[in-house]
Amino acid sequence: MIAVRGGSSPAAGEPNWIARREEGAVSANLSPEPCPSCGQIGAREWLRGPDRFHGRHEKYTLVRCPACSLVWLSGPPKPAEMHLHYTGAYHKLISAAGENSPVRWEDRKAALAPYKQAGTLLDLGCSSGSFLEFMGNKPWKLYGIEMSAESARAAEERSKAQVFVGDILDAPFAREFFDAITCFDVLEHLYEPRRVMARVGEWLKPGGIFYVLVPNVDSAEAHVFGSYWHGLELPRHLFHYSPASLKFLAESAGLREVSLETRRNSAVGTSLRYVWDDVFRSVGIQRPPVAYCGEASLPWRAARKLVRLTVLRGLLTVAPLVGEGESIHAIFRKEETSA
Ligand SMILES: [Zn+2]
């Protein structure tokens, strides 16, 4: 489970811009919301889409900053309502992905190793602690932050980490305490990423490392699939980063890029599934949404494999022409001289 900010949203206290738009005060595709990262005004509508994972129909609007390229969910659900969008089916999917991926933890440990191999390590949104357990409490003194008390207890038991239960911004860690902070598939869920990034900058020792992983909104798949791209996760993902907007946000907290790369992953089948769901719906066939469907039948699996081998292979051949990999893996270092 990820940590979501219980406080105000970026738009809190602002007039409802959609209502103002309907009154004709602003143009149809121009948002008066300043960019929550760089403060630039003039964000424009980028796309609209529903929560395809749950098969819901309410449309959400994403807007994009013309300066730093950050994309965000305009008028997001209130924090008190967000539990309606984090269903049991969603948590099941996330925890299955975390528990069944020792290779993934091996990759991340290897990515961190050139910069830090021991010291104090904090994992933001540590879930049930499988990454912390993998890192081990011999070379590392382990810490986590987790919203779910149940997951936090599991993390403490398995990894011997100290886990703060609650919001990242409420965690009481001392300044310049950590050698490394990790944040995997969490930053995009947070209401106040700029404040969280500032906190990361405070908590890191000078020379400390921040390793963050987010979906890439400028990836080939995001461009090819549009509102069908599974990485949108509307409305659970409140912010959508490009390499440029992630770097800008980190630099605003006194962090400097050490390494930033994009990688492809194999979840493209989910985006395809969303496309097919709409195709079937258009001819009157309702299929259970991804959240509630079991293992696909044999004919369906065979059809999907055929699509992967034909259409997808073609798409991925031209992918470098339209964008990069769909995950951003970035490592930043806190400047030695920063306050
Ligand atoms: Zn911006």
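Two strands are said to pair if DSSP finds at least two bridges between them. With that term in hand, the tour of this predicted model can begin at a single bridge.

**First stop: strands β5 and β6.** Select Asp-123 and then Gly-144, its bridge partner in β6. Extend the selection to residues 119-124, which form strand β5, and note that β5 and β6 pair in the parallel sense over six bridges. To follow the chain between these two strands, display residues 130-135: this is helix α4, through which the chain passes from β5 to β6 in a right-handed β-α-β crossover. Strand β6 itself spans residues 140-146, and six of its seven residues are buried, so that the strand is mostly covered.

**Second stop: strand β7.** Next select Ile-145, which stands opposite Phe-164 in β7. Strand β7 covers residues 162-165 and pairs with β6 in the parallel sense over four bridges. The connection here is helix α5, residues 149-159; the crossover from β6 through this helix to β7 is again of the β-α-β kind and is right-handed.

**Third stop: the whole sheet.** Now colour the seven strands of the open sheet, whose order is β7-β6-β5-β8-β9-β12-β11, with mixed pairing. Strands β7 and β11 (255-263) stand at the edges; each has a single partner strand, so one side of each is left without a neighbour in the sheet. On average, and with direction ignored, neighbouring strands of this sheet are turned by 15° against each other.

At the β11 edge, select Leu-255 and look opposite to Lys-334 in β12. Strand β12, residues 327-334, runs antiparallel to β11, and eight bridges join the two.

**Fourth stop: helices on the sheet.** Display residues 102-112, helix α3, which packs on the sheet and touches β6, β8 (178-184), β9 (204-215), β11 and β12. The direction of α3 makes about 145° with that of β9. Then add residues 193-203: helix α6 lies across β5, β6, β8, β9, β11 and β12, and runs at about 145° to β9.

**Last stop: the zinc ion.** Which atoms coordinate the zinc ion? Selecting the ion and its surroundings shows the SG atoms of Cys-35, Cys-38, Cys-65 and Cys-68, at 2.3 Å. The angles subtended by the four donor atoms are 100 to 118°, which makes the arrangement tetrahedral. Along the chain, the donors follow the spacing C-x2-C-x26-C-x2-C. Finally, are Cys-65 and Cys-68 buried or exposed? Both Cys-65 and Cys-68 are buried.

Key
Residues are numbered from 1 along each chain as its sequence is written. This is a predicted model: local features need pLDDT of at least 70, side-chain atom pairs count only at pLDDT 80 or more; totals for chains, interfaces and linings use all residues. Side-chain values use heavy atoms; hydrogens and water are left out. Buried means under 20% relative accessible area, exposed over 50%, partly exposed in between (1.4 Å probe, protein chains only). A crossover is right-handed if, with the strands pointing away from the viewer, the path from the first strand over the helix to the second runs clockwise. Axes are lines fitted to C-alpha atoms, for helices over the stretch in contact, and angles run from 0 to 180 degrees between N-to-C directions. Contact means heavy atoms within 4.5 Å. Donors are N, O and S atoms within 2.8 Å of the metal (3.2 Å for Na, K and Ca); water is not among the atoms, so sites may look incomplete. Four donors count as tetrahedral if all angles lie between 85 and 135 degrees; four count as square planar and six as octahedral if opposite donors are over 155 degrees apart and all others between 65 and 115; anything else is irregular.
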